[in-house]
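Welcome! Have the sequence and the 3D view ready, try each task on your own, and then compare your steps with the solution.

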Amino acid sequence: MQRSEINEILTESDRFVRSFGYVLPPFAYWDPEEMRRRTGSDAGDIRANRLGWDITDYGQEKFADLGLFLFTVRNGSAADLARGRGMLYAEKIMISRKDQLSPMHRHVIKAEDIINRGGGTLVLELFASAADGAIDPASDVTVVTDGVVRRLGPGGLLKLDPGESVTLMPGVWHAFWGEGADVLIGEVSTVNDDLTDNVFRDPIGRFSTIAEDESPRHLLVSDYDTWL
């Protein structure tokens, strides 16, 4: 992706998020220099726990068709999770554009609530895991939607209108997209680790490769290791 495209998506996404009354935290608006300075002094957890902007095309260079906007608002640490005490949770806000696919994947450790916060209908394609972790093409998948147990056939489509949510336990394969309009998505989960806890069905990357055609407006979490 071009950095100029990412900068444009940042602006558009912030406007879309605000249109639903959700306001990002102050560090969202730090420029790269302030982020560098602050994460080296009083805000080290932002870098350590990978809080902030995240825009991905999964390395396929077709963001409009295959991509996702995310912002990690809060996140605990893997060390806390291993101890079973401390900050064991995370929160993200995301945007799935109309007909924009977030590809089929599962998590090894993370359980998550996926919440339609507004906009169009959020559609999830779901599969259960086989004993080896691969997609089970023959078994039903069971999930909980706002306290109600739902059973779908393999590859079943779960449609969530604004205000509705689903709980996905580790091992549940899922892909999702917006139907009818762009969708604002909330995610509440156990500690999030995008470096090691995503298993994709197809051989794709989690993060984008960026061509620096202009200066970054704000850094992405994938920039932290090289810019900070």
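## Exercise 1: Two residues with positive phi

Asp-146 is partly exposed, with a relative accessible area of 46%; buried means under 20% relative accessible area, exposed over 50%, and partly exposed in between (1.4 Å probe, protein chains only). This is a predicted model, where local features need pLDDT of at least 70, side-chain atom pairs count only at pLDDT 80 or more, and totals for chains, interfaces and linings use all residues. Residues are numbered from 1 along each chain as its sequence is written, and side-chain values use heavy atoms, with hydrogens and water left out.

Task: Find where Asp-146 is in the chain, and do likewise for Arg-50.

Solution:
- Step 1. Asp-146 is in the loop between strand E7 (141-145) and strand E8 (148-152). Helices (H or I, at least four residues) and strands (E, at least two) are DSSP runs, numbered from the N terminus.
- Step 2. Its phi is positive, about 50°, although Asp-146 is not a glycine. Most residues other than glycine have a negative phi.
- Step 3. Arg-50 is in the loop between H3 and E1, and its phi, near 55°, is a positive value in a residue other than glycine.
- Step 4. Arg-50 is buried, at a relative accessible area of 17%.

## Exercise 2: Following strand E2

Task: Work out which residues are the bridge partners that link Trp-53 to E2 and Phe-71 to E3.

Solution:
- Step 1. Begin with E2 (residues 68-75), where seven of the eight residues are buried.
- Step 2. Strand E1 (residues 52-56) pairs with E2 in the antiparallel sense over five bridges; two strands pair if DSSP finds at least two bridges between them.
- Step 3. Trp-53 has Phe-71 as its bridge partner in E2.
- Step 4. E2 also pairs with strand E3 (residues 89-96), again antiparallel, over six bridges.
- Step 5. From Phe-71, the bridge partner in E3 is Ile-93.

## Exercise 3: Sequence and space

Task: How many residues apart in sequence are Ile-204 and Asp-57, and which residues does Ile-204 contact?

Solution:
- Step 1. Look for Ile-204 in the loop between strand E12 (198-200) and helix H5 (224-227). Ile-204 is partly exposed, at 23% relative accessible area.
- Step 2. Ile-204 and Asp-57 are 147 residues apart in sequence, while their C-alpha atoms are 9.7 Å apart in space.
- Step 3. Setting aside neighbours within four places in sequence, Ile-204 is in contact with Tyr-58, Gln-60 and Pro-103; contact means heavy atoms within 4.5 Å.
- Step 4. Now take Ala-43, in the loop between helix H2 (32-39) and helix H3 (44-48). Ala-43 counts as buried, at 10% relative accessibility.
- Step 5. Ala-43 and Ala-131 are 88 residues apart in sequence and 42 Å apart from C-alpha to C-alpha.
- Step 6. Not counting residues up to four places away in sequence, Ala-43 touches Trp-30 and Arg-38.

## Exercise 4: The whole chain

Task: How many helices and strands does the protein chain have, and what share of its residues is buried?

Solution:
- Step 1. Count five helices and twelve strands.
- Step 2. Buried residues make up 50% of the 228 residues.
- Step 3. The C-alpha trace spans about 50 × 40 × 35 Å along its principal axes.
- Step 4. Among contacts between residues at least 6 apart in sequence, 74% join residues at least 24 apart.
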